[in-house]
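Please open the structure in your viewer and keep the selection tool at hand. We will go from one group of side chains to the next, pausing at each stop to see what is there.

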Amino acid sequence: MITIKTKEDINILREGGKRHATILKELAAMVKQGLHSQELENSARKLIAEGGDTAAFLDYKPAGAKRAYPAALCVSVNDEIVHGIPNETDKIFKEGDIVSLDLGLVHKGLITDAAVTVAVGKISTELQQLLDVTSKALYAGIKVIKDGKRIGDIGNAVTRTALPYKYGVVEELSGHGVGYSVHEDPYVPNFGQAGKGETLKQGMVIAIEPMFNLGTKEIVLDQDDWTYRTADGLPSAHFEHTVVVTKSGAEILTEV
Ligand code: MF3
Ligand code: CO
């Protein structure tokens with residue numbers, strides 16, 4: 001069921017979204033060579049708690065999942081697409097890596113979801129382009145949103161951005177409604193036909209999240225039951241915002 005958020009809900013999401021954006025920015029700025037992903041996890045928990053909020057992903061167990069997600073933050077490095085789990089040992093950043101940080105925040109009971117992919121030190125021009133184009137696709141998807149448009153319009157705009165670069169657009173994972181829970185209806189795929197799919201309505205809150213691979217679109221699920229990787233081992237980028245549909249467009253909630 002697709003829910004429509006009230007004015008009061010949207011005010012809370014706006015407030016939470018700003019906190020969310022501030023925290024994510026701070027975490028992104030910490031990313032450097034030699035940092036352990038666990039240090040980012042610890043900082044995420046600390047920053048969230050300082051604001052009196054809670055982590056939406058920690059202990060989140062979607063229907064069908066074998067185990068709950070064990071962290072506040074998803075840290076996905078290079079060929080990891082999304083849902084990488086931070087840890088003490090093997091996830092230490094090195095120059096040239098790309099790192100996706102995905103955070104969920106619960107503020108006064110309402111959830112926002114956003115992600116960025118950042119570079120560790122100097123990265124190749126090829127990887128920089130992957131980051132730039134994936135981010136551009138997120139904004140292209142957001143730009144077509146307004147009351148009366150369709151879900152397919154979003155995916156169409158996202159995929160069209162990837163086309164000239166021949167990136168693999170991940171199709172098995174998608175954006176989603178968000179707010180009352182981490183994943184709500186509708187699905188927001190990163191591909192689609194313009195003018196097709198559910199109609200967007202004022203007050204709908206959705207997370208748009210393109211995932212672009214340098215190689216093919218094929219994905220594999222890791223043994224840890226959470227981490228999605230590219231099947232060909234090539235790097236992948238991920239950007240996400242939570243937005244609310246308005247009469248004339250979309251308001252990005254997870255930005256400062
Ligand atoms: N933005 C991610 C998604 O929508 C957040 C996943 S939450 C997790 O899939 F807990 F499942 F990691
Ligand atoms: Co999401």
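Before selecting anything, it helps to know that a residue is called buried when its relative accessible area is under 20% and exposed when it is over 50%, with partly exposed covering what lies in between. Please also keep in mind that what you are looking at is a predicted model.

Begin by selecting lysine 94, which has a relative accessibility of 49% and therefore counts as partly exposed. Add aspartate 97 to the selection, and you will find a salt bridge between the two, with the closest N and O atoms 3.0 Å apart. Aspartate 97, in contrast to its partner, counts as buried, because its relative accessibility is 4%. Side chains of opposite charge can pair in this way when their charged atoms come close.

Next, move to helix H2, which spans residues 37–50, and select glutamate 41 and arginine 45, which stand 4 residues apart there and are thus separated by about one helical turn. These two form a salt bridge whose closest N and O atoms are 2.5 Å apart. Glutamate 41 is buried, with a relative accessible area of 1%, whereas arginine 45 is partly exposed at 38%.

For the third stop, select aspartate 79 and arginine 229, whose salt bridge has its closest N and O atoms 3.3 Å apart. Aspartate 79 sits in the loop between strand S2 (73–77) and strand S3 (80–82), while arginine 229 belongs to strand S12 (residues 228–230), so the pair ties together parts that are 150 residues apart in sequence. With a relative accessible area of 19%, aspartate 79 is buried, and arginine 229, at 24%, counts as partly exposed. If you now add Glu80, Lys91 and Asp222, you will see that they are linked with Asp79 and Arg229 in a network of salt bridges. Across the model, the count of salt bridges comes to 14.

Finally, select the cobalt ion (ligand 2) and ask which residues are its protein donors. They are Asp113 (OD), His176 (NE2), Glu209 (OE) and Glu240 (OE), which lie 2.1 to 2.2 Å from the ion. Along the chain, the donors of this cobalt ion follow the spacing D-x62-H-x32-E-x30-E. Aspartate 113 lies in strand S5 (residues 110–119) and glutamate 240 in the loop between strand S13 (236–238) and strand S14 (241–245), so this pair ties together parts that are 127 residues apart in sequence. Both aspartate 113 and glutamate 240 are buried. The site of the cobalt ion (ligand 2) is irregular, with angles of 73 to 166 degrees among its 6 donor atoms.

Technical notes: Residues are numbered from 1 along each chain as its sequence is written. Chains are lettered from A and ligands numbered from 1 in the order in which they are written. This is a predicted model: local features need pLDDT of at least 70, side-chain atom pairs count only at pLDDT 80 or more; totals for chains, interfaces and linings use all residues. Side-chain values use heavy atoms; hydrogens and water are left out. A salt bridge is a side-chain nitrogen of Lys or Arg within 4 Å of a carboxyl oxygen of Asp or Glu. Helices (H or I, at least four residues) and strands (E, at least two) are DSSP runs, numbered from the N terminus. Buried means under 20% relative accessible area, exposed over 50%, partly exposed in between (1.4 Å probe, protein chains only). Donors are N, O and S atoms within 2.8 Å of the metal (3.2 Å for Na, K and Ca); water is not among the atoms, so sites may look incomplete. Four donors count as tetrahedral if all angles lie between 85 and 135 degrees; four count as square planar and six as octahedral if opposite donors are over 155 degrees apart and all others between 65 and 115; anything else is irregular.
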